[in-house]
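Work through the exercises below with the structure at hand. Try each task before reading its solution.

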Amino acid sequence: ITTLEELAAGSSDPRMTGYVEMAKGFVALNQGLYGAQYGHFHSAEQCFAKVAGTAWNVATCRTCLLYTTGNVGRVREHMDESRRTMREAQDRGNLFLETNTGTFALPLTLLFEDRAKEAIDLTRQSLSRWQVRGINLQDAMAGWAISWAQLYSGNAEAARRESRTAWKVLC
């Protein structure tokens, strides 16, 4: 990260600062430092939003921001941002962001609202549009979201089966 920071300091391209902040956000995520993660991804998103051709970067930052709000219990913010992000993704035809939101953030919102079956249905529907199978974030998050919804519904056996199925896809 130090090398990235040095490169970014010598550049007027906001993408460089965005990459530094994104890298710091992933480090914070892996260390469980969710407050720092949120700040870094928020900064990165702002940097990338200034430049054309960075839709993937913005979507990745937005996805990580939603993971943070969901994981630290910022429930109202998570619910509002999940819905807003899904609408934006659908309006723009951004399948990457729509799938990311539909396989974790919005299903978690539905669980907050006691709507486990809808969470499972949305997750499966979102994943069905994603063409890449295997080791990817979308499959991992879908397995997690469905397992959580099954546990929430009191169906531990279904949650176990879902977790095992997800791991087979990922491995």
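**Exercise 1.** In this predicted model, decide whether Asp139 counts as buried or exposed.

*Solution.* Start with the relative accessibility of Asp139: 7%. Buried means under 20%. Asp139 therefore counts as buried. Next, place the residue: Asp139 lies in helix α8, residues 137-152. Finally, look along the chain to Ser153, 14 residues from Asp139. Their C-alpha atoms are separated by 21 Å.

**Exercise 2.** Work out how helix α3 is oriented relative to helix α4.

*Solution.* Take α3 as residues 34-49 and α4 as residues 55-71. Their axes come within 9 Å and cross at roughly 155 degrees. Angles over 145 degrees count as roughly antiparallel, so α3 is roughly antiparallel to α4. The crossing is left-handed. Now list the contacts. On the α3 side they include Tyr34, Tyr38, Phe41 and Phe48; on the α4 side, Val58, Cys61, Leu65 and Thr68 are among them. Sorted by class, the contact of α3 with α4 has 10 nonpolar, 6 polar and 2 charged residues.

**Exercise 3.** Compare the span of helix α5 with the span expected at 1.5 Å a residue.

*Solution.* Helix α5 covers residues 75-92, 18 residues in total. From first C-alpha to last, α5 reaches 25 Å. The expected value is 26 Å, so the two are close.

**Exercise 4.** Which residues of α5 are buried, and which helices do they pack against?

*Solution.* The buried residues are His78, Met79, Ser82, Thr85, Met86, Glu88 and Ala89. They pack against α4 and α6, the latter spanning 95-112. Gly93 follows α5, with a positive phi near 70 degrees.

Terms used. Residues numbered from 1 in each chain as written. Predicted model: local features only at pLDDT ≥ 70, side-chain atom pairs only at ≥ 80, totals over all residues. Heavy atoms only, no water. Axes fitted to C-alpha atoms, helices over the stretch in contact; angles between N-to-C directions. Helix = DSSP H or I, 4+ residues; strand = E, 2+ residues; numbered from the N terminus. Parallel < 35°, antiparallel > 145°, perpendicular 65-115°, else oblique. Left-handed = near helix turned anticlockwise from the far one by under 90°. Contact = heavy atoms within 4.5 Å. Nonpolar A, V, L, I, M, F, W, Y, C, P; charged D, E, K, R; others polar. Buried < 20%, exposed > 50% of the residue type's maximum accessible area, 1.4 Å probe, protein only.
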